[in-house]
Amino acid sequence: MHYPLNTPLGRMGVQTLEEGPVRCVASIPVAGLLNPLTQAPTLAPLAMLVDHVGGLANHYRRGDDEWTVSSELAIELTPHALELALAAPEVPVVATAAPVGPKGTGSLSLSELTHGDQMIGTATVRSFHIHTPGHVVAWPSDSTEGTPPATLKDRMSVEVAETGGRAAVLRQLPDPVINNSIGVVHGGISAAALELVGSAALSDGTGVPWRTASLRVNYLRQFRSGDESRYEARALRTGRSSGVADAQAIGDDGAVALVARLTAYR
């Protein structure tokens, strides 16, 4: 399934290849996308892919009067994931998700991430089952011509606010295209932004690249874009071969909406 460009999935180039209660499959392009804070190649868009396909697998388990919202997301990547993606930029990353265990308060799905015939990581998504909100807005169904914006910052509607040292900040610009069906920033967009600021906070000016190994995100409350909405990260540790950063999304009301921890290696 191709999504219109005026939806979060279409803007990020996500395609759903298969969906059902047993298995959901989707892909996302990562070629040529750079972290706007560091101008380095990034796999941050995989958070968008994982949130979509893992959440979709959980969504199929909902009752007739239920909706699902992400509560946790975790990604684990192999050391060669970025190199494989850069070596064959025309090949998208594919995620295959399946439900794990019985439906519960936080239903769990497990995804395998592949690039061509190579496995590059795994991911999990936990989703809350809630009563269907009364303000669910259907995404536009009209097709739009063209391709997504060329840069990752334009696809995600973010701009650099601060970089350098041990801190990094991205502003989340107001843009209805990146909102989900209940009118808040899509969870995949916000998780990807947390990866961007987390990895940027680890940059130490040596020119030796960090490779994101894991990203763990907790969704605490709804995150809305606005003049003060932003993503912030600070390095907790940068050693010779490993680094850890904490990141958070802060809404226009000043409340922390998401928190994340990123681990990277050289």
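So, helix α5: 16 of its 16 residues are buried, which makes this helix mostly covered. Keep in mind, please, that what you have on screen is a predicted model.

Let's check the length of α5 together. The helix runs over residues 187–202. What span should its 16 residues give at 1.5 Å a residue? The expected value is 22 Å, and the end C-alpha atoms of α5 sit 23 Å apart, so the two agree.

Now try the same thing on helix α2, residues 46–59. This helix has 14 residues. From its first C-alpha to its last, α2 reaches 19 Å, and that is close to the 20 Å expected at 1.5 Å a residue. And how many of the residues of α2 are buried? It's 14 of the 14, so α2 is largely enclosed by the rest of the structure.

Take one residue of that helix, H59. Buried here means under 20% relative accessible area. H59 has 15% relative accessibility, so it counts as buried. Not counting residues up to four places away in sequence, H59 touches W67 and T68.

Okay, empty space next. Rolling a probe the size of a water molecule over the atoms shows where empty space is left. If you search the whole structure for cavities of 30 Å³ or more, you find one. The largest cavity holds about 80 Å³ of space.

Which residues line the largest cavity? Go and click on these: L43, A44, L46, A47, I75, L77, E195, T212 and L215. Helix α2, which we just looked at, gives at least two residues to that lining, and so do β3 (66–77) and β9 (211–219). Sort the lining by class and you get seven nonpolar residues, one polar and one charged.

There are pockets too, and I picked the second largest one. Its volume is about 480 Å³. It has 28 lining residues, and the closest to its centre are A40, P41, P209, W210 and R211. Two or more lining residues come from each of α3 (81–87), α5 and β9. Which element has the largest share of this lining? That's α3, with four residues. By class, the lining of this second largest pocket has 13 nonpolar, ten polar and five charged residues.

While we're on α5 and β9, a quick word about the record. In an unreviewed entry, UniProt lists residues 183–255 as "domain: Thioesterase". In the model, that span is 22% helix and 37% strand. The C-alpha atoms at its two ends lie 17 Å apart.

Let me go through a few single residues. S27 is in strand β2, residues 24–28. With a relative accessibility of 7%, S27 counts as buried, because the cut-off is under 20%. What does S27 contact, leaving aside its neighbours within four places in sequence? There's G13, V14, Q15 and L17, then L49, and then P92, V93 and V94.

V177 is a loop residue, found between β8 (167–172) and α5. Loop or not, V177 counts as buried, at 15% relative accessibility. Again leaving aside neighbours within four places, V177 is in contact with L5, N6, T7, P8 and R11. Now find G205, which is 28 residues from V177 along the chain. How far apart are their C-alpha atoms? They are separated by 35 Å.

Last stop, two residues with a positive phi. Q39 isn't a glycine, yet its phi is positive, about 60°. You'll find Q39 in the loop between β2 and α2. Is Q39 buried or exposed? Its relative accessible area is 51%, and exposed means over 50%, so Q39 is exposed.

The other one is S157, also a residue other than glycine, with a positive phi near 55°. S157 lies in the loop between α4 (152–156) and β7 (158–162). Buried or exposed, this time for S157? S157 is buried, at 8% relative accessibility.

So, to go back to where we began: 16 of the 16 residues of α5 are buried, and 14 of the 14 residues of α2 are too. That's my bit, thanks.

Notes: Residues numbered from 1 in each chain as written. Predicted model: local features only at pLDDT ≥ 70, side-chain atom pairs only at ≥ 80, totals over all residues. Heavy atoms only, no water. 1 Å grid on protein atoms, 1.4 Å probe; cavity = no way out; pocket = protein on both sides within 12 Å on 5 of 7 lines; lining within 4 Å. Points joined across faces, edges and corners; volume = space filled by probe spheres on them. Nonpolar A, V, L, I, M, F, W, Y, C, P; charged D, E, K, R; others polar. Buried < 20%, exposed > 50% of the residue type's maximum accessible area, 1.4 Å probe, protein only. Contact = heavy atoms within 4.5 Å. Expected span 1.5 Å × (residues − 1). UniProt positions renumbered as here; feature names shortened; annotations may be inferred.
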